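Reader: I would like to go through a model feature by feature. Please give the general idea each time, and then the case at hand.

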Amino acid sequence: MAARDNRQVNTKVIAVSDSAALAKAAAERVMARIAANGDRIAICLTGGSSPKQLYRLLASDFYRSQIPWDRVHWFVGDERFVPADDPLNNMGMARLAFLDRCAPAANVHPIPTDTANPEQAARRYQSELQSFYGANGLDSARPLFDVVLMGVGPDGHTASLFPDYPAIEETERWVVGVPKAHVEPFVPRVTLTLPALNSCREMLFEVSGSEKRAILTRVLEGENLPANRARSIGETIWLAETAALPEDFSGR
Ligand code: 6PG
């Protein structure tokens with residue numbers, strides 16, 4: 001495993017050999033954040049394909065037996081506006097991969113998709129987050145989440161914050177509706193905004209596969225992309241498979 005500091009303060013890139021090592025390294029970081037908080041823990045999950053292996057690993061006996069499930073609450077950073085049981089639903093994927101077998105139902109907090117439209121879903125989820133947090137304003141001394149998991153899309157989006165869309169500029173609201181996606185799947189989305197996502201002790205990006213090399217190179221060059229504007233007020237970690245990193249990564 002090779003690690004180096006990125007240009008940004010409190011941002012680190014960690015290279016791992018393959019997808020199994022990626023899932024294991026991510027699981028270890030999540031476990032460390034859980035262990036560091038003896039109180040109620042909030043973890044914000046992500047969709048896409050990259051976190052699936054991590055989710056399955058958390059349900060394996062080794063990790064499952066160490067997680068204080070009663071104290072851990074599971075949220076999601078963005079959702080595709082499709083029914084909860086649609087294969088495209090992000091929380092649906094996480095439920096199938098691990099939550100339904102491990103977490104108390106009351107600790108699973110999906111973004112609703114049975115509302116009239118994504119905007120209404122966003123308002124409802126914002127209320128749920130604010131009541132969980134116990135305030136309508138975020139205090140940097142008390143982050144909303146312990147861990148926020150993230151992925152990066154081919155256009156540099158993260159969560160459902162797409163380049164040049166208004167949602168990326170939101171500074172007040174915690175959750176917004178996104179009527180049209182910029183990349184597949186082309187379904188409306190609901191996404192947490194930067195103020196909400198960044199309010200965490202650790203933001204953990206998982207990046208796998210050589211098809212991510214082009215976008216990860218742009219991210220590491222510091223280009224103004226949503227994935228570069230998502231920054232934890234604590235620590236931001238980019239966990240990347242070697243195949244996804246620029247060829248000269250270790251030499252820099
Ligand atoms: C979604 C996501 C999205 C995802 C990235 C990376 O709903 O699609 O939350 O932001 O994390 O697109 O996706 P992959 O892991 O599939 O590459």
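Author: What follows takes the ligand site, then burial, then backbone geometry. The model is predicted.

Reader: Start with the ligand. Which residues come nearest to the ligand?

Author: The general idea is to list the residues around the ligand before looking at single atoms. Here there are 16 residues around the ligand, and those that come nearest are Ser49, Ser50, Asp78, Ala159 and Lys212. Sorted by class, this shell holds 10 polar, 4 charged and 2 nonpolar residues.

Reader: Which polar side-chain atoms lie by an oxygen atom of the ligand?

Author: Here one looks at distances between N or O atoms, with a cut-off of 3.5 Å for a polar contact. Lys212 has a polar side-chain atom 2.3 Å from a ligand oxygen. For Ser50 the corresponding distance to an oxygen atom of the ligand is 2.5 Å. Thr46 also takes part, with a side-chain N or O atom 3.4 Å from a ligand oxygen. As for cover, the ligand taken alone exposes 420 Å², and the protein buries 89% of that.

Reader: Which pocket does the ligand take?

Author: The ligand takes up the space of the largest pocket.

Reader: Now burial. Is Thr236 buried or exposed?

Author: The relative accessible area decides, and buried means under 20%. Thr236 is counted as buried because its relative accessibility is 1%. This residue belongs to strand β10, residues 235-241. The side chain of Thr236 also reaches the backbone nitrogen of Ser232, at 2.9 Å.

Reader: What about Asn37 and Ala105, buried or exposed?

Author: The cut-offs are under 20% for buried and over 50% for exposed. Asn37 lies in the loop between α1 (19-36) and β3 (41-45). With a relative accessibility of 15%, Asn37 counts as buried. Ala105 is in the loop between α4 (90-102) and α5 (118-133), and its relative accessible area of 67% makes it exposed.

Reader: How many residues in sequence, and how many Å in space, lie between Ala105 and Ala42?

Author: Separation in sequence and separation in space are read as two values. Ala105 and Ala42 are 63 residues apart in sequence, with their C-alpha atoms 14 Å apart. For Asn37 and Ala15 the values are 22 residues and 26 Å, again C-alpha to C-alpha.

Reader: Which residues of helix α7 are buried?

Author: For a helix, the burial label is read residue by residue. In α7 (residues 213-220) the buried residues are Ile215, Leu216, Thr217, Val219 and Leu220. After α7 comes Gly222, with a positive phi near 85°.

Reader: Which residues other than glycine have a positive phi?

Author: Phi is read together with the residue type. Ala159, which is not a glycine, has a positive phi of about 45°. Asp164 has a positive phi too, near 65°. Ala159 is found in the loop between β6 (145-150) and β7, and Asp164 is also placed in the loop between β6 and β7. Ala159 is buried, since its relative accessible area is 8%. Asp164 is exposed because its value is 79%. Ala159 was also named above, being one of the residues that come nearest to the ligand.

Reader: Last, where is there a cis peptide bond?

Author: This is read from omega. The bond from Glu184 to Pro185 is cis, with omega near -10°. Pro185 sits in the loop between β7 (175-178) and β8 (189-192).

Note on methods:
Residues numbered from 1 in each chain as written. Predicted model: local features only at pLDDT ≥ 70, side-chain atom pairs only at ≥ 80, totals over all residues. Heavy atoms only, no water. Near = heavy atom within 4 Å. Polar contact = N/O pair within 3.5 Å; in protein donor to acceptor, adjacent residues only side chain to side chain. Areas by Shrake-Rupley, 256 points an atom, 1.4 Å probe, with all protein chains shown as cover. 1 Å grid on protein atoms, 1.4 Å probe; cavity = no way out; pocket = protein on both sides within 12 Å on 5 of 7 lines; lining within 4 Å. Sits in = over half its atoms within 2 Å of the grid points. Nonpolar A, V, L, I, M, F, W, Y, C, P; charged D, E, K, R; others polar. Helix = DSSP H or I, 4+ residues; strand = E, 2+ residues; numbered from the N terminus. Buried < 20%, exposed > 50% of the residue type's maximum accessible area, 1.4 Å probe, protein only.
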